[in-house]
Amino acid sequence: MDVDELRLRNEAKADEERERGPMSSDPRSAPVGDAIEDFHSRDALAFGIPAHRFGTGSVEFDAARWTGAGAFRADIGMNNGVDNRHQSWQVEPTAMELFAEAVGADQTLFSTNGSTLNVHVAFLTVARPGETVVMARNGHKSAFSALVLSGVNPVYVDPVYDERWQVAHGVEPTELDRVLAEHPEAKAAVAFTPTYYGISADVAGLADSAHRHGIPLVTDDAWGLDYSFSSRLPSSALESGADLAIGSVHKTLSGFGQTSVLSTQGDLIDTMRLELVFELEQSTSASALLISSIDAARRQFQREGEELLGGAIDRARRLRDAVAEIPGLELMPESIAPGPGAKAMDPTHVSVDVVGLGITGFSAADWLREHRRIHVELADHRRVMALISFADGDDNIDRLIAALRDLSEHRGEADRAPDFQVPLPAELRMPTEMLPRDAFLGPTAEVPWRQAAGRISAEMICPYPPGIPIVAPGERLSAEVVGYLEQTVAMGGKVEGAGDESLETFRVVA
Ligand SMILES: Cc1ncc(COP(=O)(O)O)c(C=O)c1O
């Protein structure tokens with residue numbers, strides 16, 4: 001039999017197998033979850049990974065005490081389990097196609113290593129080492145690590161800074177246009193929208209600007225995947241014209257931690273390069289448990305998203321109304337948008353300013369945790385932010401309202417805010433003098449923190465949250481930044497990314 005015949009025979013066999021496979025491409029199905037059920041209903045057995053053998057047999061698993069046996073049962077192999085050896089059932093590709101249809105994309109890929117992996121993949125796809133990407137300076141840490149991995153040359157574009165609330169919003173399209181005109185060599189533009197505080201940039205304007213320059217707009221909209229499933233939330237990045245969009249399934253929908261999707265549309269993204277790069281980054285034993293939760297989230301929110309997310313919006317508004325009446329607290333109002341850099345606001349990010357109580361957001365968060373066992377998503381020098389999700393019932397909202405009332409009454413128990421001047425972002429901007437990759441991976445030296453000013457940073461320093469680097473590798477450190485980071489740590493902020501998180505020494509280019 002010659003090679004062509006052999007290939008045709010195998011293709012026909014794969015088609016037949018697909019017919020007999022466990023899944024359907026009906027959007028009411030959840031192909032990965034259905035395949036897991038099918039595996040168990042046929043009493044299948046796999047002599048391969050994972051070694052825990054789906055929690056069957058007589059061995060008791062310690063972890064099952066807190067995960068329940070179901071987590072082990074669902075954790076079958078993506079090959080030789082969810083699909084067969086050569087994936088002719090096409091289970092995961094079908095689930096990805098259904099996701100793409102649901103969010104209006106041409107293609108969607110599933111990550112089990114968070115949006116972090118997808119951000120890396122995006123940078124590795126849109127530019128080659130040494131090529132230029134214009135990127136908003138308020139990127140998440142994963143974008144700066146992507147610069148290290150990809151060897152891309154960043155040209156930063158400043159987002160609009162809101163002095164009233166002391167937060168960065170989105171980049172204005174006119175500003176992107178200006179920077180792109182100065183950098184005709186740029187291969188892509190990258191924006192981060194919505195922000196941690198729930199503020200969306202004018203993505204349609206940014207997309208127009210990138211497209212006028214013949215390049216794709218990549219959006220890290222890790223916090224905005226739910227926008228595709230509710231008419232009461234801002235427009236999704238894809239709907240607004242982004243060419244590649246990244247959304248964390250665990251941040252706003254019902255996916256497990258680390259689940260994320262990367263979606264593309266149009267013809268400005270090289271999809272073959274994208275798929276190859278994705279293969280390079282994704283684990284060879286991606287978790288069926290996690291992937292099935294992406295698939296299930298798509299089905300659930302396609303079916304009930306309006307209701308579930310509408311409930312979250314209504315409850316967030318009830319929380320907002322109650323907070324507005326509590327002495328000493330002030331809400332970041334929905335009326336912040338539309339405004340410069342702020343096209344829309346997602347009301348489920350409830351940011352509560354505690355400056356009026358004379359305390360910092362850090363100490364407010366500590367008080368809530370210690371005295372009311374409540375954790376908030378974000379604390380910064382002046383506020384706490386509670387993320388209200390579809391899963392928060394009225395009882396959660398009541399508990400938070402009561403805790404915030406108590407915080408206001410017991411303010412004296414929290415640490416008083418020190419006198420802390422937040423510098424303007426312009427005062428913290430430093431020139432980029434080396435490729436982030438060369439600075440991070442090349443020869444380095446440790447210097448005492450106070451002698452670091454004037455040296456080129458070999459690390460990324462990122463107060464957490466919000467996880468946005470104040471220092472990127474390759475930037476020449478200024479005395480202002482060194483002083484600001486010292487103050488942040490002294491106030492109780494957590495600084496990640498530094499080799500020495502106590503900030504006594506600093507890693508600089510040797
Ligand atoms: C804007 C943004 N992008 C990317 C990420 C990384 O997402 P993950 O934690 O899922 O890897 C985050 C995480 O908070 C984020 O806020």
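Helices here are DSSP runs of H or I with at least four residues, numbered from the N terminus. The model shown in every view is predicted.

**View 1. The shell of residues around the ligand.** Eleven positions need naming: Gly114, Ser115, Thr116, His140, Ser142, Asp220, Ala222, Trp223, Ser248, His250 and Lys251 surround the ligand. By class, seven of the shell residues are polar, two are nonpolar and two are charged. Two helices, α7 (114–126) and α11 (249–252), each contribute at least two residues to the shell. Helix α7 gives the largest share, three residues.

**View 2. Polar side chains at the ligand.** Thr116 places a side-chain N or O atom 2.6 Å from an oxygen atom of the ligand. Asp220 has a polar side-chain atom 2.5 Å from a ligand nitrogen atom. For His250, a polar side-chain atom sits 3.0 Å from a ligand oxygen atom. Taken alone, the ligand would expose 390 Å², and the protein buries 83% of that area.

**View 3. The largest cavity.** The model holds five cavities of 30 Å³ or more. The largest encloses about 100 Å³ of space. Its lining counts 15 residues, and those closest to the centre are Asp226, Thr252, Thr348, Ile388 and Ser389. Helices α11 and α13 (288–324) are the elements that give two or more residues to this lining. The largest share, three residues, comes from α13. Helix α11 also supplies at least two residues of the shell around the ligand.

**View 4. Domains and residue classes at the largest cavity.** Domain 2 (91–298) and domain 3 (305–413) each provide at least three residues of the lining of the largest cavity. Eight lining residues are nonpolar, four are polar and three are charged.

**View 5. The second largest cavity.** The volume here is about 70 Å³. Of the 13 residues in the lining, Asp221, Leu225, Ser228, Leu238 and Ala245 lie nearest the centre. Strands β9 (244–248) and β10 (260–264) each supply at least two lining residues. Strand β9 gives the most, with three. The lining of the second largest cavity divides into seven nonpolar residues, five polar and one charged.

Notes: Residues numbered from 1 in each chain as written. Predicted model: local features only at pLDDT ≥ 70, side-chain atom pairs only at ≥ 80, totals over all residues. Heavy atoms only, no water. Near = heavy atom within 4 Å. Polar contact = N/O pair within 3.5 Å; in protein donor to acceptor, adjacent residues only side chain to side chain. Areas by Shrake-Rupley, 256 points an atom, 1.4 Å probe, with all protein chains shown as cover. Nonpolar A, V, L, I, M, F, W, Y, C, P; charged D, E, K, R; others polar. 1 Å grid on protein atoms, 1.4 Å probe; cavity = no way out; pocket = protein on both sides within 12 Å on 5 of 7 lines; lining within 4 Å. Points joined across faces, edges and corners; volume = space filled by probe spheres on them. Domains from an automatic or database assignment.
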